[in-house]
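Work through the following exercises with the structure open beside you, trying each task before reading its solution.

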Amino acid sequence: MASLKNILAKGRKATENKACPRAVFEAEGRVMPSKLAQGNLDLLALWGDEGCVHAALFDRKDRMAGIITLEAPKGHFPSFGRHFPGAVRMERAITDLCGLMPEGTPDTRPWLDHGRWNVSSPLGQPGFPASPGNYAFLPVEGEGLHRVLVGPVHAGIIEPGYFRFHASGETVVRLEERLGYVHKGTESLLHGADVEKGARLVGRVSGDSTVAYAVAYARAVESALGVDLPPRAHFLRGIMAELERVANHLGDIGAICNDAAFAMMLAECSTLREKVARAAMDCFGHRMMMDRVVPGGAAVDLDAAGIARLHALVAEIAPAFDDLMALYNGEASLLDRTETTGILSQELAAAFAAGGPVGRASGRDFDARRDCPYEPYSMLSPLEVPVLKVGDVDARLRLRALEIGQSLGLITRMLNHLPEGAPFRRVEAATGQPCEGLGIVESFRGEVLVWLRLSGTGKIERCHPHDPSWLQWPLLEDVMRGNIIADFPLCNKSFNCSYSGHDL
């Protein structure tokens with residue numbers, strides 16, 4: 001089985017950027033997805049471009065990432081979805097956005113295009129037939145089956161998504177999702193934008209992951225331009241990223257317990273999450289730390305008072321959260337709802353290359369902070385990645401709990417070793433030469449990937465921000481099979497996939 005490094009060596013080198021190795025394969029004699037699937041390769045992302053598609057892959061053995069580009073001069077490319085199941089919806093999105101057709105794909109239905117756009121394939125050459133308005137859901141046969149339809153509009157402020165259940169009594173036979181209701185045209189908006197505007201757009205792809213997206217985008221820009229940052233900037237980014245992880249994990253744990261009718265856990269976790277948000281506001285000027293990470297470093301600095309504030313936050317959160325987990329462990333009725341519910345098998349997690357707590361709770365040992373090392377994590381001692389194998393709602397909750405403790409420890413270490421110096425270095429994007437870069441960052445959901453190509457004038461020619469939810473939404477459908485409808489909120493919250501990050 002060829003390694004990713006050897007495969008890249010056989011193609012036409014597209015860039016000298018070591019942080020973003022990419023090779024182009026022509027329509028004739030190109031690397032076929034079937035051959036890629038025979039190696040130790042995980043598909044991280046797949047997206048379209050003008051006359052080609054790009055596949056970001058991770059070599060599990062060599063622990064390296066790279067990009068394979070397949071040319072599609074006649075508008076067709078060999079299907080990745082036949083060999084990488086997580087690619088199926090990405091291919092459907094490529095057809096909707098770029099008008100490129102995967103040959104041999106198992107699913108030709110539109111995905112993001114609901115037939116309501118005023119153009120077709122907005123990132124390609126408009127003119128393809130518009131998508132039909134009526135969506136062909138997959139058929140289900142059997143006696144005594146009934147349908148339960150949920151969404152796309154939900155109660156509260158949750159984003160829109162449509163869920164169609166086929167059930168036998170209370171037992172779910174099939175769940176099928178339809179998303180795309182919050183499509184914002186982000187990739188179209190990025191085309192032609194300057195680097196500063198791009199940072200604001202990418203930082204808003206999925207607001208709960210704004211720090212992770214901002215870091216991934218900034219790293220893509222910096223790798224494209226060959227910019228080295230002051231060490232202090234890396235540590236400030238790391239502190240903000242871990243605060244974001246703690247806040248979201250607290251919210252998820254509380255929400256899971258609330259959907260099992262244990263509202264006290266939600267109230268207590270929400271209180272702790274609010275403390276994190278207030279500390280972020282005090283130290284970085286924004287509760288979600290939006291626009292605080294920019295190409296060139298960090299837009300804000302931490303003074304002595306801010307450092308003391310965050311030390312006090314960690315000292316308060318850590319013992320309080322330990323008490324909450326002791327409460328969780330002592331509630332037999334709560335554990336009865338979370339244990340053995342919504343099991344994601346290790347085989348399926350590996351096949352989809354599921355990231356974040358979803359994958360790690362089902363045995364997939366991958367964390368971008370360790371496996372695609374970047375600062376400040378590469379400057380600290382090797383990161384220990386907690387991995388569980390049970391794969392149920394309880395495992396996904398416990399995995400988040402382990403990561404909260406780990407993140408609090410990382411925040412303390414980064415505060416204790418925060419380098420002196422400036423937090424920012426000016427970036428000049430107009431270099432006179434086209435360039436491209438890649439950033440892979442571990443968000444609280446899993447790896448966020450941002451790839452971009454800049455023109456010689458510093459404008460964005462193409463940028464693809466990729467959310468881990470692309471590889472997790474299909475798995476939520478699978479874990480519901482054989483569970484009861486009443487367990488859907490538990491399973492859904494334990495995944496907590498992003499609608500906005502997925503819909504672009």
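## Exercise 1: The protein as a whole

Among contacts between residues at least 6 apart in sequence, 68% join residues at least 24 apart in this protein. The model is a predicted one, and the exercises below treat it as such.

**Task.** Describe the overall make-up of the protein, and decide how its radius of gyration compares with what the globule rule gives for 504 residues.

**Solution.** Begin with the inventory of secondary structure, which comprises 17 helices and 15 strands. The radius of gyration is 22 Å and the globule rule gives 23 Å for 504 residues, which is close, so the protein is as compact as a globular protein of that length. Next, consider the extent of the C-alpha trace, which spans about 70 × 60 × 45 Å along its principal axes. Finally, turn to the surface: 59% of the 504 residues count as buried, while the accessible surface comes to about 19,900 Å², with 52% of that area belonging to carbon and sulfur atoms.

## Exercise 2: A strand and its partners

**Task.** Find out which strands pair with β9, in what sense they do so, and how many of the seven residues of β9 are buried.

**Solution.** Start on one side, where strand β8 (residues 145–150) runs antiparallel to β9 and is joined to it by six bridges. One pair to look for here is His146 with its bridge partner Ala167 in β9. Then move to strand β10 (residues 171–178), which pairs with β9 over seven bridges, again in the antiparallel sense; here His166 has Arg174 of β10 as its bridge partner. Strands β9 and β10 form a hairpin with two residues between them, and Gly169 in the turn has a positive phi of about 70°. As a general point, strands of a sheet pair through backbone hydrogen bonds, either parallel or antiparallel. The last step concerns burial, for which the cut-off is under 20% relative accessible area. Six of the seven residues of β9 (residues 162–168) are buried, and therefore this strand is largely enclosed by the rest of the structure.

## Exercise 3: The nonpolar cores

**Task.** Identify which residues of the largest nonpolar core touch the most other members, and which helix contributes the largest share of this core.

**Solution.** The largest nonpolar core has 138 residues, and those that touch the most other members are Phe80, Tyr217, Ile239, Leu243, Phe284 and Leu310. Helix α7 (residues 231–258) supplies the largest share of this core, with 13 residues. To see what this looks like at one position, select Leu243 and set aside its neighbours within four places in sequence: the remaining contacts are with Val276, Phe284, Met289, Leu310, Leu313 and Ile411. There is also a second, separate core, made up of 15 residues, among them Ala56, Ile67, Leu438 and Leu449. In soluble globular proteins, nonpolar side chains tend to be buried together.

## Exercise 4: A three-stranded sheet

**Task.** Work out in what order the strands of the open sheet lie, and which helix packs on this sheet.

**Solution.** The three strands follow the order β13-β14-β15 in an open sheet, and the pairing is antiparallel. The edge strands are β13 (435–442) and β15 (460–466), since each of them pairs on one side only. On average, neighbouring strands of the sheet are turned by 10° against each other, with direction ignored. Between strand β14 (residues 447–454) and β15 there are six bridges, and in this pairing Trp451 has His464 of β15 as its bridge partner. Helix α6 (residues 210–225) packs on the sheet and touches β13, β14 and β15, its direction making about 150° with that of β13.

## Exercise 5: Backbone details

**Task.** Locate the cis peptide bonds at Pro152 and Pro376, and then decide whether Arg63 and Leu504 are buried or partly exposed.

**Solution.** The bond from Gly151 to Pro152 is cis, with omega near 10°, and Pro152 lies in the loop between β8 and β9. Another cis peptide bond joins Glu375 and Pro376, with omega about 5°; Pro376 is in the loop between α13 (368–371) and α14 (393–416). For the second part, note that Arg63 has a positive phi near 55° although it is not a glycine, and that its place is in the loop between β4 (52–59) and β5 (64–71). With a relative accessible area of 37%, Arg63 is partly exposed. Leu504 also has a positive phi, near 55°, and is found in the segment after α17 (499–503); at 3% relative accessibility, Leu504 counts as buried.

Definitions and conventions: Residues are numbered from 1 along each chain as its sequence is written. This is a predicted model: local features need pLDDT of at least 70, side-chain atom pairs count only at pLDDT 80 or more; totals for chains, interfaces and linings use all residues. Side-chain values use heavy atoms; hydrogens and water are left out. Buried means under 20% relative accessible area, exposed over 50%, partly exposed in between (1.4 Å probe, protein chains only). Helices (H or I, at least four residues) and strands (E, at least two) are DSSP runs, numbered from the N terminus. Two strands pair if DSSP finds at least two bridges between them. A nonpolar core is a set of buried Ala, Val, Leu, Ile, Met, Phe, Trp, Tyr and Cys residues joined through side-chain atoms within 4.5 Å. Contact means heavy atoms within 4.5 Å. Axes are lines fitted to C-alpha atoms, for helices over the stretch in contact, and angles run from 0 to 180 degrees between N-to-C directions. The radius of gyration is taken over C-alpha atoms; the globule rule is 2.2 Å times the number of residues to the power 0.38. Accessible areas come from the Shrake-Rupley method with a 1.4 Å probe; for residues, only the protein chains shown count as cover.
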